[in-house]
Amino acid sequence: MPLQAPSLLDPRTLRVLWTVLVVAGALALLYLLRTVLLVLIFAVVFAYLIFPLVKLAERGLPRSGRRPLAISAVYLVLIAALSTLAALVGPPLGRELAALGQKFPDIPAQIQSGRVISNIFPRWGGAEVLDDLVRSYLPQVVEYAQRGLTGALRWLSGGWVVIMVPIFAFFFLNDAERIADSVTGAIDDQSGWRGLSRAIAHDLHNVFGEYVRALVLLSVLTFVVWASLFLLAGVPYALVLAAIGAAFEFLPVVGPAVAGIAVVSVALFSGFSHPWLLALFIVIWRLVQDYASSPFIMGRGVELHPALVIFGVLAGSELAGVAGMFLSVPVMAGLRVVWRRLRDYRASGG
């Protein structure tokens, strides 16, 4: 009896086709909603940042309705603190930005002159070779940096982004425990999966909280140290350069490197007499941050292999630009936590 060829419409084929269509549709929907999803992600980041302050404020409030009151109190304190900081640092920072903007048109001419590295190391024979590399590749690097900065500023320039992030963060903070209980409660408790999911959620909560708060502390530390040293040393545009260094702390690996190059370049083109000392300080500061400050502040939950961090940052940049670079490390740290919990679960036999 001859074998019958499988039908194209048999149940198994339909299930596979349906699964492929659902996955493709979900990916397309995520792509279309990428801007809204980024707002939600940054709202979660902001919620993790101020969550310890909210818990601290709850201690002095009555039990009934204390979470919304605590969040509102923290918001008011943050607005007052940021307003005070803007009033103190804003005017001198604005003046330095305006002066640096007038200086920018002269930088391409100095690059084309062919004596960039030679001005730093006039007696080094290899400076001419590096000057050739600077003339060849620096314009492309500057163009790439400008394109990335323009895209980030264009996304942040929308007023609705600035407004919606704290609004979504308010709801996340107010209902954080109920959201977590609803998600884990919906998981079947057979074979201990509910307990495993609660353990994974607890680990992810700790890792993300440590990472976000550590980034802010490292950024503030960089701004304070750089601004103090640059002002004492008479580095041009000290506050602007310190702000650049602090902002790029949020981008792993690539950010500090770009900030260091930008600081040395601006100091060099602005006529600072000892740019090589500035470069040496930035290298030493990077070592201090990577091997002392970051491990102490972040803790062991966020530790990742440097090669994996570099790969994740590059992959995140290709997938989602600056936002992808920022989110690459916490995503990899979260996957590492999930993998460890699943490995231990299997090793213990469930």
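This short talk goes through the salt bridges of the structure shown above and then turns to a nonpolar patch on its surface.

Before I begin, please keep in mind that this is a predicted model, in which local features need pLDDT of at least 70 and side-chain atom pairs count only at pLDDT 80 or more, while totals for chains, interfaces and linings use all residues. Residues are numbered from 1 along each chain as its sequence is written, and side-chain values use heavy atoms, with hydrogens and water left out.

Let me start with the charged pairs. A salt bridge here is a side-chain nitrogen of Lys or Arg within 4 Å of a carboxyl oxygen of Asp or Glu, and a search of the whole structure finds five of them. One of these joins Glu 58 to Arg 67, with the closest N and O atoms 2.5 Å apart. Are these two residues buried or exposed? I use buried for under 20% relative accessible area, exposed for over 50%, and partly exposed for what lies in between, with a 1.4 Å probe and protein chains only. Glu 58 counts as buried because its relative accessibility is 7%, and Arg 67 is buried as well, at 10%.

A second pair to look at is Glu 249 with Arg 286, where the closest N and O atoms are 2.9 Å apart. Glu 249 sits in the loop between helix 10 (238–247) and helix 11 (254–269), whereas Arg 286 belongs to helix 12 (residues 275–298), so this pair ties together parts that are 37 residues apart in sequence. By helices I mean DSSP runs of H or I with at least four residues, numbered from the N terminus. Glu 249 is buried at 8% relative accessibility, and Arg 286 is buried at 19%.

The side chains of Arg 343 and Asp 344 also meet in a salt bridge, at 3.6 Å from N to O. Here Asp 344 counts as partly exposed, at 42%, and so does Arg 343, at 40%. Returning to Glu 58 and Arg 67, salt bridges that share partners join them with Lys 55 into one network.

Finally, the surface. Leu 29, Tyr 31, Leu 32, Leu 33 and Val 36 form a nonpolar patch with about 520 Å² of accessible area together. Such a patch takes residues with over 30% relative accessible area and no salt bridge, nonpolar side chains (Val, Leu, Ile, Met, Phe, Trp, Tyr) being joined within 5 Å and like charges within 9 Å; accessible areas come from the Shrake-Rupley method with a 1.4 Å probe, and for residues only the protein chains shown count as cover. Helix 1 (residues 11–32) gives the largest share of the patch, three residues. Tyr 31 lies in helix 1 and is exposed, with a relative accessible area of 55%.

How values were computed. Helix = DSSP H or I, 4+ residues; strand = E, 2+ residues; numbered from the N terminus.
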